[in-house]
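Hi,

Here is the structure I said I would pass on. Have a look at it first, and my notes follow underneath.

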Amino acid sequence: MMPQLLTVRVKRPEGRTIRIWVPVLPVVLAGSPFLILAALGAVVACRMYRIGVMQAFGTGWRLFCALPGTRFDVQEGRTAVLVSIR
Amino acid sequence: MNEQRKDILDMLAEGKITPDEAEQLIATLERDQTPVAASSGVRPKAKAKYLRLEVDIIENGEPGRVNARVPLQLLRAGVRLAALVPPQALARANAELDRSGFPFDLTQLKPEQLEDLVEQLGEVTLEVDHPEAKVRVFCE
């Protein structure tokens with residue numbers, strides 16, 4: 001299943017916390033024109049380096065779909081950053 | 001040896017039953033005992049889903065902490081990237097490794113072998129204790 005929500009939480013030293021929720025599907029849809037361009041660039045790169053285009057896209061898609069559950073939480077002193085993908 | 005099996009062997013020794021009958025009885029006994037043993041024994045360990053990294057560090061007197069969780073599925077998908085590396089790049093990497101004193105042939109590294117490696121990660125627990133840092137890598 002593809003990721004649905006990216007959560008970023010930043011805790012500043014002064015105690016302020018910034019939380020950002022990024023719904024993945026709407027962002028992907030909004031950025032689809034750029035994604036198509038990126039995909040075309042990827043096809044050209046695959047052709048140049050003689051890599052199977054379908055194999056490359058399959059691996060990329062599998063990587064993208066394996067992202068849910070990933071979580072990075074870093075704290076240093078009074079600063080903290082959390083990135084979570086659901 | 002359990003009591004019932006001992007009884008069967010006693011009966012065989014006394015000549016009350018033939019060896020074939022004894023074998024049949026023992027087979028029946030084993031068949032009956034297998035589900036009990038399976039249900040009463042230790043349950044198989046649940047398959048690990050995530051690779052966890054925990055680091056506790058004290059730097060300049062301030063505590064720091066890194067807590068990362070990576071799905072093993074992501075590692076499995078990642079190792080498939082190895083199959084996409086162009087042969088020219090592998091040859092160049094091999095030459096560089098050789099020059100640095102690591103005669104390692106990357107072309108011999110197959111994605112299936114890497115996947116096997118990821119499979120076995122479920123059993124790995126790595127702990128490093130240092131006065132100023134603690135590192136723990138494990139699967140859950």
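Below is what I found, starting with the sheet and ending with the contact between the chains.

Keep in mind that this is a predicted model. The main thing to look at is an open sheet of eight strands with antiparallel pairing, in the order β2(A)-β1(A)-β4(A)-β3(A)-β2(B)-β1(B)-β4(B)-β3(B). β2 (17–23) of chain A and β3 (125–130) of chain B are at its edges; each has a single partner strand, so one side of each lacks a neighbour in the sheet. On average, neighbouring strands are turned by 5° against each other, direction ignored.

At the chain B edge, β3(B) pairs with β4 (residues 133–139) of chain B in the antiparallel sense, over six bridges. There, B:Val128 sits opposite B:Val135 of β4(B). Helix α3 (residues 72–79) of chain B packs on the sheet, where it touches β1 (50–59), β2 (62–71) and β4 of chain B, and its direction makes about 65° with that of β2(B). B:Leu72, B:Leu74 and B:Ala77 are buried in α3(B). The buried residues of this helix pack against α3 (53–65) of chain A, as well as β1, β2, α5 (111–120) and β4 of chain B.

Now for where the chains meet: 18 residues of chain B are in contact with 19 residues of chain A. On the chain B side, β2(B) gives the most, with nine residues. That side divides into ten nonpolar, four polar and four charged residues. β2(B) also pairs with β3 (residues 71–76) of chain A, antiparallel and over six bridges, and B:Asn67 in β2(B) is the bridge partner of A:Asp73.

Cheers

Notes:
Residues are numbered from 1 along each chain as its sequence is written. Chains are lettered from A and ligands numbered from 1 in the order in which they are written. This is a predicted model: local features need pLDDT of at least 70, side-chain atom pairs count only at pLDDT 80 or more; totals for chains, interfaces and linings use all residues. Two strands pair if DSSP finds at least two bridges between them. Helices (H or I, at least four residues) and strands (E, at least two) are DSSP runs, numbered from the N terminus. Axes are lines fitted to C-alpha atoms, for helices over the stretch in contact, and angles run from 0 to 180 degrees between N-to-C directions. Two residues are in contact if their C-beta atoms, placed from the backbone, lie within 7 Å. A residue is buried if 20 or more other C-beta atoms lie within 10 Å of its own, exposed if 12 or fewer, and partly exposed in between; C-beta atoms are placed from the backbone. Ala, Val, Leu, Ile, Met, Phe, Trp, Tyr, Cys and Pro count as nonpolar, Asp, Glu, Lys and Arg as charged, and the others, Gly among them, as polar.
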